[in-house]
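Thanks for coming. I will go through one structure today, starting with a helix and then moving on to the cores and the empty spaces.

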Amino acid sequence: MSHELVEFDTEKAHSARMYDYYLGGKDNYPADREAASKVMEAFPETAQAARANREFVHRAARFAARNGVRQFLDIGTGIPTEPNLHNAVQAVDPHCRVVYVDHDPLVLAHARALMIGSEEGRTEYIPSDVRDPDVILGSEQFRAVIDLSRPVALNLAAIMHFVTDEEGAYDIVRTYMDAFAPGSYLSITHASSDVNPVRLAKVAAVYAQAGMTVALRNKAEVTRFFDGLEIVEPGVVPMHRWHPNPDFYIPEERLAWADEAFGIWAAVGVKR
């Protein structure tokens, strides 16, 4: 069963527009700002965490590109903010192809204008829900860009904690990865239940009040998303510790502070 797309309703907060607010964007409305402000009261480092999440996405995507992947599926894209994933991977190889997916109609309005890739590569946008892998994988837009006989890198950044176990979170991820060829990659960032649990529980409560369920998971539960895959070193770690930029030295005490402040697990796995 496919899930209906979210209606464009500025009276209700939406996670993509809240995330846009965290990043300092302008594509958000009073309801989004009100909910986001409550999150930031409970989690003052929200904006820093959002930026760190985007930086992880780019590092993970470039890692896959440098290991030969030329096809990318980014689900839960959010409102476009430069640089986008295609900018990161097409800088490695301009022939890279990227399919973006989101279920917020405002993202669609911007995607057509902003997600323009290199002449050699290609980008496409699908308005759909992560919980509908069969719809996404079977869509004409996806099949026009992605060749399933070749590896694909799937990015699920800050999206799976909006999918509960009852909705089949693990089966959903497995469906995507089962469709992909060996050599494919999976990258995930996920809000934790075991790092700074009191703070993250308050954040989840704010989202719940706005009508969005957040399923916090501990390290073992996040690791389970990678069952059947080979997890790339250093494993499931705080997102800022995954292959940090060697050009920027960050003192250990600052990293330890971010571990606790952000409370976000991240990992990359490869299908052999």
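Which residues of α1 are buried? They are Ser15, Ala16, Arg17, Met18, Asp20 and Tyr22. Keep in mind that this is a predicted model. Helix α1 covers residues 15-22, and because six of its eight residues are buried, the helix is largely enclosed by the rest of the structure. Just after α1 comes Gly24, which has a positive phi of about 85°.

Stay with Met18 for a moment. Setting aside neighbours within four places in sequence, Met18 contacts Ala13, Asp32, Ala35, Ala36, Val39, Tyr207 and Met212. Met18 also matters for the next topic, the cores. The largest nonpolar core has 52 residues, and Met18 and Phe72 are the ones with the most contacts inside it. The biggest contribution to this core is from α3, with nine residues. Apart from it there is another core, of 34 residues, including Val99, Leu137, Val145 and Val236. As background, nonpolar side chains in soluble globular proteins tend to be buried together.

Now the empty spaces. How many cavities of 30 Å³ or more does a search of the whole structure find? The search finds one. Its volume is about 90 Å³. It has 14 lining residues, and those closest to its centre are Ala60, Ala61, Phe72, Ala153 and Ser187. Phe72 is the residue we just met in the largest core. At least two lining residues come from each of α3, β1 (71-75), β4 (153-157) and β5 (185-191), and α3 has the largest share, with four. By type, the cavity lining has 12 nonpolar residues, two polar and no charged.

Next, a pocket. The second largest pocket holds about 510 Å³ of space. It is lined by 17 residues, and Ala52, Glu55, Arg59, His240 and Ile250 are the closest to its centre. Two elements, α3 (46-66) and α11 (252-262), give two or more residues to this lining. Here too α3 gives the most, with seven residues. What is the make-up of the lining of this pocket, by nonpolar, polar and charged residues? There are eight nonpolar, four polar and five charged.

One last detail, in a loop. Ser139 sits between α6 (133-137) and α7 (140-145). Is Ser139 buried or exposed? Ser139 has a relative accessible area of 10%, so it counts as buried, the cut-off being under 20%. Its side chain reaches the backbone oxygen of Ile136 at 2.9 Å.

That is the tour.

How values were computed:
Residues numbered from 1 in each chain as written. Predicted model: local features only at pLDDT ≥ 70, side-chain atom pairs only at ≥ 80, totals over all residues. Heavy atoms only, no water. 1 Å grid on protein atoms, 1.4 Å probe; cavity = no way out; pocket = protein on both sides within 12 Å on 5 of 7 lines; lining within 4 Å. Points joined across faces, edges and corners; volume = space filled by probe spheres on them. Nonpolar A, V, L, I, M, F, W, Y, C, P; charged D, E, K, R; others polar. Buried < 20%, exposed > 50% of the residue type's maximum accessible area, 1.4 Å probe, protein only. Polar contact = N/O pair within 3.5 Å; in protein donor to acceptor, adjacent residues only side chain to side chain. Core = buried A, V, L, I, M, F, W, Y, C linked by side-chain atoms within 4.5 Å. Contact = heavy atoms within 4.5 Å.
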